[in-house]
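Open the model in your viewer and keep the selection tool at hand. The stops below say what to select and what is there.

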Amino acid sequence: MKLLSWGRYPPLPQAAHAVAWRAELPALLANVAQTCGTTLAYGEGRSYGDSCLAESGQVLSFRGLDRFLAADWSSGILRAEAGITLEAIIAVSLPRGWFPAVTPGTKYITLGGAIANDVHGKNHHRQGAFGCHVRRFGLLRSDRGRLECAPDLEPELFAATIGGLGLTGLIEWVEIQLMPVASGWIDGLVQRFDDLDGFFALSAELDARHEFCVSWVDCAARGKKAGRGIYMAGDFAAENWPLPAPRRKWRFPFMPPVSLVNTWSLRAFNAIYWRKAPPKSRRAPAAYDAFFYPLDSLLDWNRLYGSKGFQQYQALIPEREAGDGIRAMLTAISGSGQGSFLAVLKRCGGALSPGVLSFPRPGVTLALDFPQTPYLEEQLFPRLDAIVREAGGRLYPAKDAHMRGDDFRRAYPDWEKIEALRDPSLLSCFWRRVTQ
Ligand SMILES: Cc1cc2nc3c(=O)[nH]c(=O)nc-3n(C[C@H](O)[C@H](O)[C@H](O)COP(=O)(O)OP(=O)(O)OC[C@H]3O[C@@H](n4cnc5c(N)ncnc54)[C@H](O)[C@@H]3O)c2cc1C
């Protein structure tokens, strides 16, 4: 089986060595490292660029390590193998009144992947990143064998592994703290805003009041309409309503030869979507699945971008520069006529994760997808990179396939700590590209 990353770019197919039992991991790691030089753990491959691709083209697939190991439903402490998905955890924990404290925009990710990218979600301003809720994990290294890591056990490796891009060892199992919830429903509200100032005003008002906040932004709007979008906020409903019925799923059935996302489809979709949202705040109750994971109902949606794939650009601009920086980025993007139906703006908070290389910092993050064309790396991305550089911002390695090495090393000055603690048998295409 050949694997790619979610963006299907860069096209570097990976041979997968499947892991079924933790007991076989040490021998498998030694074998693959000996034959191929280096390798890398692979979860669900929901990273967009090349951070989940092994430099050797040989990954260890953790999908088989998906067992629950222990759970205390009075405290919400859960221990499971690292290849288990958030989907599987929610299926068991939600009926018992618990939910992952932090979840990204898809539930099809593994615990190992959540730690390695220290993922963040709609409640970053309240709960920080995933690493803030990790109690301990088991790590296998080719040079030191099995280790248990926690804030007070191998603290350096604990911090380096959270957001450590899978380079400090293979995570075998994880213990996390879940958050208590009264229902599977979100008591949400929705309101559109006319421009970027509107976003900042709503964010200042609503982030303080709600656990989950995120915005969609119309990346195709220009002139006075630039920066318009829709603010969505919510909290788990306190009423003990029956669990929502599972959502119907569809699968995007084929791989079109060219991207179906283009200037015309983008402008038309965005204008209609924005107009449909209410100008004044309106309550919008939603099942957790629709609220957190809107894209999960269309399986294989990454095929929409055609066989050349796509790249996501996710940047974080520090709080002080956020207004000017995000405005400049949106102007460059709308001027290019490129972009995606889903462009996300989110304010990150000040709760710092223990992770050495964690992406989120106080500021505003903008994320959107672009169909892969040479224009991206020749023109648009250099322009966006210059804006991010000048604002003192950073790009998210989990989404990246183009970042320059000097930009990475400037934005993540602690990268050498990870290099010093890197397992010599583990190396990704991303790490090779930005550090070596
Ligand atoms: C639709 C969609 C929405 C998303 N929304 C968000 C979001 O809101 N916020 C956010 O932060 N991210 C988001 N992401 C990105 C995604 O959450 C991360 O890329 C996540 O890390 C993917 O996990 P995975 O299990 O697929 O890991 P993979 O992509 O397979 O691997 C990611 C990294 O984890 C490492 N890894 C995996 N398993 C192990 C292990 N057992 N031991 C050691 N290292 C391991 C890999 O080596 C690699 O470096 C989104 C992705 C998609 C497709």
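Start with H125, which is buried at a relative accessible area of 19%; buried means under 20% relative accessible area, exposed over 50% and partly exposed in between, with a 1.4 Å probe and protein chains only. H125 sits in helix α4, residues 124–127. Helices are DSSP runs of H or I with at least four residues, strands are runs of E with at least two, and both are numbered from the N terminus. Now add H210 to the selection: the side chain of H125 reaches the backbone oxygen of H210 at 2.9 Å. This is a polar contact, a pair of N or O atoms within 3.5 Å; within protein, one must be able to donate a hydrogen and the other to accept it, and residues adjacent in sequence count only if both atoms are side-chain atoms.

A word on the model: it is predicted, so local features need pLDDT of at least 70 and side-chain atom pairs count only at pLDDT 80 or more, while totals for chains, interfaces and linings use all residues. Residues are numbered from 1 along each chain as its sequence is written, and side-chain values use heavy atoms, with hydrogens and water left out.

Next, select the ligand and the 35 residues around it; a residue belongs here if one of its heavy atoms lies within 4 Å of the ligand. Which of them come nearest? They are A41, G43, S47, T110 and Y396. An oxygen atom of the ligand is 2.7 Å from a side-chain N or O atom of S47. For Y396, the distance from a ligand oxygen to an N or O atom of the side chain is 2.7 Å, and for N117 it is 2.8 Å. The protein buries 96% of the 980 Å² that the ligand exposes when taken alone, with areas from the Shrake-Rupley method and a 1.4 Å probe.

Colour β3 (40–42), α3 (111–116) and β10 (170–180), each of which supplies at least two residues of the shell.

Move to helix α10, residues 374–390. Where does α10 bend? The bend is about 40° at F381, and a proline, P382, follows within four residues; the angle is taken between axes fitted to the seven residues ending there and the seven starting there. The buried residues of α10 include L376, L380 and F381.

Finish at L427, in the loop between α12 (415–421) and α13 (429–435). L427 counts as buried because its relative accessibility is 5%. Select G37 too: its C-alpha atom is 9.2 Å from that of L427, although the two are 390 residues apart along the chain.

Definitions and conventions
The expected span of a helix is 1.5 Å times one less than its number of residues.
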